[in-house]
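Visitor: I have a structure on my screen and little idea how to read it. Could you take me through some features one by one?

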Amino acid sequence: MGHGNKPGQRQVLESVYSAIALFFILVACVELCDAATVVDVYRLIQYDMSGAQFGSRLANLNHHAGSLHSPPGSDLSRTVLIIPLRDLNITFVTEYITQKQPLGGLLILLPQMFRPENIEMAKSSHQTDGDDQLKTVLAELEKLLIHSKIPYPVYFAFEDDDIEAVLADVKRNDASGQPATATTGGYKLVVSVPEPKKRASPTITNIQGWLSGLKTDEDTNQLPTIVIVASYDTFGAAPSLSVGSDSNGSGVVALLEIARLFSVLYSNPKTRGRYNLLFGLTSGGPYNYNGTYKWLRSFDQRLRESVDYTICLNSVGSWDKELWLHVSKPPENAYIKQIFEGFSDVAEELGITVGLKHKKINISNSRVAWEHEQFSRLRVTAATLSELSVAPELLESTGSLLDGRLFVDETAVIKSVKLVAESLARHIYGHKGKNIQIFAENSSLAVNPSYIKSWLDLLSQTPRVAPFLSKSDPFILALKKELEDHTDEVNVQHEVLDGVFTFYDPTRASLNVYQVASVTFDLLLLLVLGSYLIVLFSFLVVTTRGLDDLISLFRRPPSRKVKAA
């Protein structure tokens with residue numbers, strides 16, 4: 001009898017195990033019923049400055065989606081607010097952040113016009129008053145987010161049909177008084193990434209190209225040197241979107257074109273000037289020009305003393321009629337007067353204006369507002385050419401979210417190149433005050449608009465936040481190769497960014513949007529599954545072992561006293 005029951009028992013057990021496995025699989029699938037969409041998202045920067053914490057301090061998301069239509073007084077501590085930039089109320093966000101109100105997360109939807117990859121859109125777009133308003137709101141938002149410590153994840157994404165469809169559903173539910181919760185269901189936003197980690201010893205890379213002047217046998221002293229510099233790295237609210245088309249992509253492009261023009265001049269001994277030209281592409285610009293500081297200290301005393309003057313290029317791609325020459329030495333200084341007069345003469349011929357701005361250096365203040373100030377601190381005559389009339393604050397105007405290709409005019413960069421190149425050439429060849437166009441249009445020395453456009457396009461698609469660039473980053477290698485094509489000798493300097501700043505990964509992720517069912521539906525489904533399993537179990541026991549065995553399963557076992565009797 002015992003042996004005869006074993007096959008039936010085994011069959012029952014196998015059936016029960018299969019049913020239980022099915023039960024757990026279905027339970028696991030109850031909540032995450034349907035993946036709605038996957039979206040590329042860009043995380044708000046996380047950094048420390050002198051030990052103080054700024055930016056978004058968390059990266060993982062796993063909360064229901066909400067909108068600005070949520071009922072007043074709602075608990076949003078487990079809700080991710082989705083806010084399109086077009087609908088953003090900067091006062092509301094400012095109060096929410098400054099008052100440290102609880103929030104599960106924040107997702108800002110940016111219009112496609114701000115996407116770095118949309119070069120073709122940028123070329124065909126025409127700005128409107130609405131665009132200017134969006135730029136103003138985004139600038140205020142970015143300033144707020146960068147300088148605040150935010151204890152929840154903050155991400156940026158770009159508007160598209162999928163995410164807008166999700167947002168429309170969320171708004172509808174919120175407006176009807178049924179916001180997404182574990183009880184009511186809705187959409188759940190999930191970002192699964194490693195916990196934020198410090199970037200260990202972030203490097204900054206300086207690249208210099210040397211174009212040697214013509215030295216005759218009669219020259220016993222070293223030739224004088226003119227230095228042209230542009231800082232190439234950026235800083236913005238979202239490192240993976242910080243392309244800095246104007247600040248300072250335009251300065252980098254202008255420097256490369258000036259190097260190309262003078263390489264043509266210097267390739268022929270008959271037209272090679274008796275000045276050395278040193279081109280520097282520096283890093284660490286947003287951090288008090290830390291890379292420039294370290295690059296200058298690599299100069300030997302002889303080279304430093306040979307520098308006639310330095311021109312730094314900063315944000316020269318979004319102006320119309322006026323540029324500014326910023327200096328640290330008084331305007332009455334003979335060298336400053338010479339530089340300014342040379343630029344003014346050429347500017348007048350081009351139909352533009354160059355103004356002079358003097359800002360004295362405070363040696364006791366560690367803040368370095370302009371790149372030329374690093375040279376001035378070492379008593380090297382220097383000036384910065386920029387469309388900005390006032391120095392930006394620390395970590396501002398260094399590659400913000402709204403500094404994209406759409407807002408840079410390549411014609412402005414071309415005019416900047418002509419201004420600098422002609423001024424330098426007249427100084428080098430002794431043509432000061434003479435209306436001689438060395439880089440005349442339709443000549444072999446003409447400025448190349450296609451070259452400028454192609455480099456602007458490349459820079460406008462390349463995020464360049466220095467702590468996230470490796471020594472062998474393709475962009476750095478491309479800059480090095482370009483200078484090698486136009487100069488005699490190129491050197492690369494790798495340094496560690498000063499420890500005042502600490503940065504954290506990750507900077508981008510994938511956002512999974514799931515449509516989840518309500519708890520009521522979950523409970524009903526579990527009840528149906530449980531009932532099905534009970535019926536199935538009872539049926540299997542009855543058919544294999546009989547009704548008596550099924551009843552015995554639920555019969556109370558005899559007590560110990562009865563057994564003893």
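**Reading burial and charge**

Guide: Start with Glu349, which counts as partly exposed because its relative accessibility is 36%. Keep in mind that this is a predicted model.

Visitor: What does Glu349 form a salt bridge with?

Guide: The partner is Arg426, and the closest N and O atoms are 2.7 Å apart. This pair links distant parts of the chain. Glu349 is in helix α9, residues 334–350. Arg426 is in helix α11, residues 410–428. They are 77 residues apart.

Visitor: Is Arg426 buried or exposed?

Guide: Arg426 has 5% relative accessibility, so it counts as buried. The cut-off for buried is under 20%.

Visitor: How many salt bridges are there?

Guide: The count comes to 16. A salt bridge can also sit within one helix. First, the general idea. An α-helix has 3.6 residues a turn, so residues three or four places apart point the same way.

Visitor: Where do Glu257 and Arg260 lie?

Guide: Both are in helix α6, 3 residues apart, about one turn of the helix. They form a salt bridge, with the closest N and O atoms 2.7 Å apart. Both residues are buried.

Visitor: How many residues apart are Lys481 and Asp485?

Guide: They are 4 residues apart in helix α13 (residues 474–486), so about one helical turn separates them. Their side chains meet in a salt bridge of 3.3 Å, N to O. Asp485 counts as partly exposed because its relative accessibility is 48%.

Visitor: Which residues are linked in a network of salt bridges?

Guide: Arg405, Glu410, Lys453 and Asp457. Asp457 also appears in the list of buried residues in α12. That list holds Tyr451, Ile452, Trp455, Leu456 and Leu459 too.

Visitor: What caps the N-terminal end of α12?

Guide: Asn448 does. One of its side-chain oxygens lies 3.0 Å from the backbone nitrogen of Ser450. Now move past the helix. Thr462 lies in the loop between α12 (449–459) and α13. Its side chain reaches the backbone oxygen of Leu458 at 2.7 Å.

Visitor: Is Thr462 buried or exposed?

Guide: Thr462 is buried, because its relative accessible area is 14%.

Visitor: Now charges at the surface. Which residues form a negative surface patch?

Guide: Asp160, Asp161, Asp162 and Glu164 form it. Take Asp161 as the example. It lies in helix α5, residues 161–175. Its relative accessibility is 67%, so it counts as exposed.

Visitor: How do I read a loop?

Guide: Find the elements on either side, then look at burial and contacts. Ser240 lies in the loop between β12 (225–231) and α6 (245–266). With a relative accessible area of 14%, Ser240 is buried.

Visitor: What joins the side chains of Ser240 and Thr507?

Guide: A polar contact of 2.9 Å.

Visitor: Which peptide bond is cis at Pro506?

Guide: The one that joins Asp505 and Pro506, where omega is about -10 degrees. Pro506 is in the loop between β19 (501–505) and β20 (508–516). There is also a cis peptide bond from Ser247 to Asn248, with omega near 0 degrees. Asn248 is in helix α6.

Visitor: What about phi? What is its value at Tyr289?

Guide: Phi of Tyr289 is near 50 degrees, a positive value in a residue other than glycine. Tyr289 sits in the loop between β13 and α7. Its relative accessibility is 8%, so it counts as buried. Ser315 has a positive phi as well, near 55 degrees. Ser315 is in the loop between β14 (307–314) and β15 (322–327). At 2% relative accessibility, Ser315 counts as buried.

Visitor: Last one. How many residues apart in sequence are Tyr287 and Leu497?

Guide: They are 210 residues apart in sequence. In space they are 8.7 Å apart, C-alpha to C-alpha. Tyr287 lies in the loop between β13 (276–282) and α7 (290–296). Tyr287 is buried, because its relative accessible area is 3%.

Definitions and conventions: Residues numbered from 1 in each chain as written. Predicted model: local features only at pLDDT ≥ 70, side-chain atom pairs only at ≥ 80, totals over all residues. Heavy atoms only, no water. Patch = residues over 30% accessible without salt bridge, like charges linked within 9 Å, V, L, I, M, F, W, Y side chains within 5 Å. Areas by Shrake-Rupley, 256 points an atom, 1.4 Å probe, with all protein chains shown as cover. Salt bridge = Lys/Arg side-chain N within 4 Å of Asp/Glu carboxyl O. Lys, Arg positive; Asp, Glu negative; His and termini not counted. Charge placed at Lys NZ, Arg CZ, Asp CG, Glu CD. Helix = DSSP H or I, 4+ residues; strand = E, 2+ residues; numbered from the N terminus. Buried < 20%, exposed > 50% of the residue type's maximum accessible area, 1.4 Å probe, protein only. Polar contact = N/O pair within 3.5 Å; in protein donor to acceptor, adjacent residues only side chain to side chain.
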